[in-house]
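The following exchange concerns a structural model. Please keep the sequence and the coordinates in view.

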Amino acid sequence: MIHSLFLINASGDIFLEKHWKSVVSRSVCDYFFEALERATEPENVPPVIPTPHHYLINVLRHRIYFVAVIQSEVPPLFVIEFLHRVVDTFQDYFGVCTEAAIKDNVVVVYELLEEMLDNGFPLATESNILKELIKPPTILRTVVNTITGSTNVGEQLPTGQLSVVPWRRTGVKYTNNEAYFDVVEEIDAIIDKSGSTITAEIQGVIDACVKLTGMPDLTLSFMNPRLLDDVSFHPCVRFKRWEAERILSFIPPDGNFRLLSYHVSSQNLVAIPVYVKHNISFREGSSQGRFELTLGPKQTMGKAVESVLVSSQLPRGVLNANLNPSQGTYTFDPVTKLLSWDVGKINPQKLPSLKGSMSLQTGASKPDENPTINIQFKIQQLAISGLKVNRLDMYGEKYKPFKGIKYMTKAGKFQVRT
Amino acid sequence: MLSPWFLCRNEDLKEMLESNKESLKLEAMKRIVGLIAKGKNASELFPAVVKNVASKNIELKKLVYVYLVRYAEEQQDLALLSISTFQRALKDPNQLIRASALRVLSSIRVPIIVPIMMLAIKEAATDLSPYVRKTAAHAIQKLYSLDPDQKEHLIEVIEKLLKDKSTLVAGSVVMAFEEVCPDRIDLIHKNYRKLCNLLVDVEEWGQVVIIHMLTRYARTQFVSPWREDAVFDENSAKAFYDSEEERRVDQSKPYIMDPDHRLLLRNTKPLLQSRNTAVVMAVSQLYWHLAPKHELSIITKSLVRLLRSHREVQYIVLQNIATMSIQRKGMFEPFMKSFYVRSTDATHIKTLKLEILTNLANEANISTILREFQTYVKSQDKAFAAATIQAIGCCATNISEVTDTCLNGLVLLLSNRDETVVAESVVVIKKLLQTQPSQHSDIIKHMAKLFDNITVPMARASILWLMGEYCEHVPKIAPDVLRKMAKTFTDEEDIVKLQIVNLAAKLYLTNSKQTKLLTQYILNLGKYDQNYDIRDRTRFIRQLIVPNEKSGALSKYARRILMAPKPAPVLQSAFKDRDRFQLGTLSHTLNSQASGYLELSDWPAVAPDQSVRNVEVVEPVKETGAPALSKSKHFDAVSWPVCVSLQASSPVFVPETSHELLHRMTGKGLSAQYRFTRQPCIYGNSMVSLQLTLSNSTDQALENIHISEKSSTGQNIHRFNAIERLEPQASVTVSMGVDFNDSTQAANFQLCTKEDEFSVSIQPAVGELLLPITMSEADFTKEQGKLVGMNESSATITMTPENVSSQSVNRKVVSVANLGVIPSGQENIYRFSGKTVSSGSLVLVSVVLKDPDAVITINTEKTVMGSMLLRQVKTALTNSGP
């Protein structure tokens, strides 16, 4: 299936290659570079590029292109999903997935890639299994290894490979048994000029960090499971019990994992926690433009809106912006024309605003489009859909675990058209 | 750390590899791997590296493997030195070592060792470890690509491995099947049901491969579930109603879906909830290609959910949705807003979304879509703005009600400042006017006015063509435009020049008085143009329109040739015939056949023999909810390490009868019924699982139905989760677990609503406090021997004649008690076994027929239960009737 993998950085250098079958010359990447040149933005490179003898399927993450070489028919999503899994694994192992991190850990990267694919077919992609095969590098282990000459390659076949719960390693032991769940919801919205909502959706995930001894069997129930319209599960969740009782019952993997992602049914009206007042205008004939932006909270159920970041791609004709923020800092990049304003926390008593003027190219006609405003924010301790976890129970083990649930709402793709 | 002086120096690396220190060797190998990763050539070191293949250090060994696999092809002779090490490792008692030896051995692409590989694969295919067998399945593909002549032998191995019942092997062997012999569909028959049932437990990558293979298989084996006359691309408006129509058709000619076809659809459905996008897409395409049309809608939500994923995933999913939405608008219409474009989307995502929105447009939603399009036209991304204009054109032709609105909107765009937008508008207007050959002279006049400001050649050419085509509608303006063009002719682009000549010719034919001289002039200019196409065209036009003695019969028809009514261009989606490819494939994405693409066959007119899929051993799971069972299997194996001999098996018989818990009169409208599911309880292993059906017969909703915390009388009860709200006339089924402590004492508790509390009690029959187990006849007699004396109770009864048959005895006993049937060697002895739910004590029942009497014997430690059970079995067997 997957013949070879090339890793290409932002400046177009191939800095790692791995072949699972016969070696494919790296000149095959020339077709990729051609496509890269044609694309105006790095994101615009088509994910699938046909070449005379091969097909290149690429994903772009952390400014690195992961280019897989395929020789014959294969579902493209299969390859794309796998490449993303590779990136996730690297991130899991090295903390970050950057060119430097990959180059520093090239041996571990190679060992990982060797275990993840056999002859181009995925072999072990579960993080729990991989970590038993190849221990993640830590400073302590690196030091110990250099002194004792021991290795970070496991000697045993991971038990998970063979058991009925392949996602969990056996023999897990903790002195503090704890299980944390984060309910994170993201609001995707498009708000039109007049402030009315064109489309708004809530997507959520439950990320878990479970550190429990032995083989615990957990059940998680919700106060209002009917809110969840469409869900996808980690393989550990028993589908049938969800179908019958709307209860999540599972034997968790060890460590961090995403238990569930969900979509809140579209019948429910979505509360939009911030509003934007804006006045961005260009006058015909003058080389000046006005820029006024005010943010305010609404429907936040008394919670503070934090980490607010506003960004906007100004029209090409704008030369510079001379603005005055009432709080936070702003930057304007005259090359990319990207304006970003780091607002911080919104104080409902004193609404943050950004006002001032923009200078335009003299003689140029007024831009006929007003920029879109992208907003990011966070609200702690609130799930905007109203989803609530009812209880978490553990069976199968004797000890009392420490349990914790955290809620958070974030902006997803939150855009305001002006 | 060693000094950088060592770096990349082959001599030094060699020295390090030959040293005695493990750590130095390891360091050297790490650097070599670094070189390989960078794509540098390290083949020179082969001899030094290969010596370390038998190293004890496992990391060193692995790195040597990496090196070996990379360079063995180039250094075949030297690579052979390592083979004996692997051959030895293949016999190692550790399965991990056996597997990795096979992995590397089969990855060494050296033709000489083909026989050794073949032997190793055959051996590994019968290995006890499923992990080794999985590796064998992978090795099959490697050997096949190295030496295709081995195909026949490899197929034998595949056939053997396909029979494997391990979920670990299934995905890999199907992959090998797809690669080596995808046409040998006959190998699948016997394994079809097994694969369907295993599917949920196979790892995710294997699922994708198996689903794609089964899609192909199903298309050759089952008849079409679609209506006879259902053309594949039926009108979407009908889509909503066609389940009804289908039923009507069904009445005239009943279509019964093959149970195997249904099995596949049912077992793949839960996978729509997978976190792996490839699995979701695979199931979606399976439903698209195999499911009856009215069942198709279940995939919509899942596909829309995938749009939240990474950019690349979106791209592929949107492409597939685009193809689907052409044929079935109804599927995605409710989700239209999910396809709205955001300014941060990549251009190819934007265009795909636009495509889908265009496909979804109908009379009802067109105004919303057009409003949305208006925003897009103003986008900074001009390529996207141009694509939007095209999309508006498409909507205008497809939906006649809005054609005029669209046209007016497009005309407004003609005064846009951006050239590409104007050009695109002109081109689209041209197409629209052509499809709408009515009186649009205003628009043409307007365009003529704008003509001077438009510089994009394609747009200019389009306007000129329009002038010529409809010159009769604008008799005053057209000659004037021609006059202007005559002035600038030499400076124009080639396509514009061709259109000027064209316009001149048409005007000459319709209005020769005014334009005769102008035409002559333009034709003269064209005659000496640099471009031969233009010279050629000019010469041709001149012969055609200007009559002279040499021109033949053709010029008589000049008018009919030039002014012939032209068919309007069809504006259609680029995804119009993408469905010739199976969805979700690479070929579909590229819209051209990729190498190795396997065509999806048409449904057969008559279904091939379905008995080919029958397996000799009867599979009890065939028709039950397989995914559920297999998921709960995990549960059994993990959380109840019960003594193996007492492992509970699935119930033989589950009675449908339910018992009343609360009558609606006493419950003020709330009624409750319960029944025993006879399944192992998921809440705790000493509990009896119950199913409760609550219904509301009042005309008001009941709120907060739950079991009170304090109530129960000693028994441990797992309460169902509070039901927030039960609508009038609605009913809901919940499950709960009660630990009866192996006694028939009733469990009393309070069933509460928001306002009231009702005391209820569940009195279990003794037979419901058991779980069936299976054991051999020999074990049974052995166990029975241990439970004698006090633990044995027996009775003799006279059987009614109709109860004497073996079937009826079995049925009577299992309906009274949840027991497992033990296959019996003797004809007149029936044996049943089970264990009590709470304490897990063995309960053995045997019925010995001695015409006309029968002796019932019950052996169990729980003597009270034994005697109660005896009484019930006695009653059941003496009673006649069903």
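**Sheets, cores and domains**

Helix α2 (residues 76–94) of chain A lies across β1, β3, β4 (55–61) and β5 (64–70) of chain A and runs at about 40 degrees to β4(A). Helices (H or I, at least four residues) and strands (E, at least two) are DSSP runs, numbered from the N terminus; axes are lines fitted to C-alpha atoms, for helices over the stretch in contact, with angles from 0 to 180 degrees between N-to-C directions. This is a predicted model, in which local features need pLDDT of at least 70 and side-chain atom pairs count only at pLDDT 80 or more, while totals for chains, interfaces and linings use all residues. Residues are numbered from 1 along each chain as its sequence is written, chains are lettered from A and ligands numbered from 1 in the order in which they are written, and side-chain values use heavy atoms, with hydrogens and water left out.

Reader: In what order do the five strands of the open sheet in chain A occur?

Author: Two strands pair if DSSP finds at least two bridges between them. The edge strands of this sheet, β2 (14–19) and β3 (48–50) of chain A, each pair on one side only. The pairing in the open sheet is antiparallel, and the order is β2-β1-β5-β4-β3.

Reader: Which residue is the bridge partner of A:L7 in β2(A)?

Author: Strand β1 (residues 2–8) of chain A is joined to β2(A) by five bridges in the antiparallel sense. Within β2(A), the partner of A:L7 is A:L16.

Reader: Which element contributes the largest share of the largest nonpolar core?

Author: A nonpolar core is a set of buried Ala, Val, Leu, Ile, Met, Phe, Trp, Tyr and Cys residues joined through side-chain atoms within 4.5 Å, where buried means under 20% relative accessible area (1.4 Å probe, protein chains only). The largest core has 267 residues, and A:F66, A:F90 and B:I32 are among those with the most contacts inside it. Its largest share, 11 residues, comes from α2(A).

Reader: How many residues does the second, separate core have?

Author: This core includes A:F222, A:F257, A:I375 and A:F377. Its size is 72 residues.

Reader: How many residues of strand β13 of chain B are buried?

Author: In a regular strand the side chains alternate between the two faces of the sheet. Here B:I829, B:R831, B:S833 and B:K835 point one way from β13(B), B:Y830, B:F832, B:G834 and B:T836 point the other way, and all are buried. For β13 (residues 829–836), the buried count is therefore eight of eight.

Reader: Which residue in the turn between β13(B) and β14(B) has a positive phi?

Author: Strand β14 (residues 842–850) of chain B pairs with β13(B) in the antiparallel sense over seven bridges. One of the partnerships is that of B:Y830 with B:V847 in β14(B). The two strands form a hairpin with five residues between them, and the residue with a phi of about 70 degrees is B:G840.

Reader: How far apart are the C-alpha centres of domain 2 and domain 3 of chain B?

Author: Domain bounds come from an automatic or database domain assignment. For chain B the assignment places domain 2 at 461–565 and domain 3 at 659–764. Their C-alpha centres lie apart by 90 Å.

Reader: What separates the centres of domain 1 and domain 3 of chain A?

Author: Domain 1 of chain A covers 2–148 and domain 3 covers 274–380. Taken over C-alpha atoms, the separation of their centres is 38 Å.

Methods. Contact = heavy atoms within 4.5 Å. Buried < 20%, exposed > 50% of the residue type's maximum accessible area, 1.4 Å probe, protein only.
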